[in-house]
Amino acid sequence: MSDHTRSLADLLGPIDQQEFFGAYWEQRPLVVHRGQPDYYRSILTLEDLDRLLLAHEQRYPAVRLAKVGTSFAPSAFSEDISWGSGAFTSVIQTDRLLAEYRAGATIIVDALHRTWKPLTLLCKRLEAELNHPTQVNIYLT
């Protein structure tokens, strides 16, 4: 199944949409157990997330850290980088980010649908089906 064909029904199955809207939507959480670890591979993998965090120059607040309900100050894992007469502010320093992660912090990537095309396409499709805004935040813990 390609990124273009993912739909609400694909995400909910084996629960049908009627049951979802009647028993879950705005009422209680739904966890779908599939036993298929690669089910979402066409949308996002841990390898994709590694590339996003390590190979691209990510910045705060798009990437944040938290531990035991407390957010880290941006200076704990980012820095400003001088460039000509200006600066790139709050650039994530992956060595510090990963050190905090290994020490038990959660990496939060907000609004990943804005920069990762498969998630962009999924959100647009879901917005059309639900007539409701969608977004994707990732929590790596």
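This briefing looks at a four-stranded sheet and at one arginine, Arg 34. The model is predicted, so local features need pLDDT of at least 70 and side-chain atom pairs count only at pLDDT 80 or more, while totals for chains, interfaces and linings use all residues. Residues are numbered from 1 along each chain as its sequence is written, and side-chain values use heavy atoms, with hydrogens and water left out.

**The sheet and its helix**

- Four strands form an open sheet in the order β2-β1-β5-β6, with antiparallel pairing (strands are DSSP runs of E, at least two residues, and helices runs of H or I, at least four, numbered from the N terminus; two strands pair if DSSP finds at least two bridges between them).
- The edges are β2 (70–71) and β6 (138–140), each pairing on one side only.
- Strand β5 (residues 106–109) joins β6 in the antiparallel sense over three bridges.
- Within β6, Tyr 139 is the bridge partner of Ile 108.
- Helix α4 (residues 94–102) packs on the sheet and touches β1 (63–67), β5 and β6 (contact means heavy atoms within 4.5 Å).

**Arg 34**

- Arg 34 sits in the loop between α2 (17–23) and α3 (46–55).
- Arg 34 is buried (under 20% relative accessible area, 1.4 Å probe, protein chains only) yet has no salt bridge (a side-chain nitrogen of Lys or Arg within 4 Å of a carboxyl oxygen of Asp or Glu).
- The nearest side chain of opposite charge, Asp 10, is 7.5 Å away.
- A polar atom of the Arg 34 side chain lies 2.9 Å from the backbone oxygen of Asp 10, and a polar atom of that side chain lies 3.0 Å from the backbone oxygen of Leu 11.
- Not counting residues up to four places away in sequence, Arg 34 touches Asp 10, Leu 11, Leu 12, Gly 13, Tyr 39 and Tyr 40.

How values were computed
Axes are lines fitted to C-alpha atoms, for helices over the stretch in contact, and angles run from 0 to 180 degrees between N-to-C directions. Buried means under 20% relative accessible area, exposed over 50%, partly exposed in between (1.4 Å probe, protein chains only). Lys and Arg count as positive and Asp and Glu as negative; His and the chain ends are not counted. A polar contact is a pair of N or O atoms within 3.5 Å; within protein, one must be able to donate a hydrogen and the other to accept it, and residues adjacent in sequence count only if both atoms are side-chain atoms.
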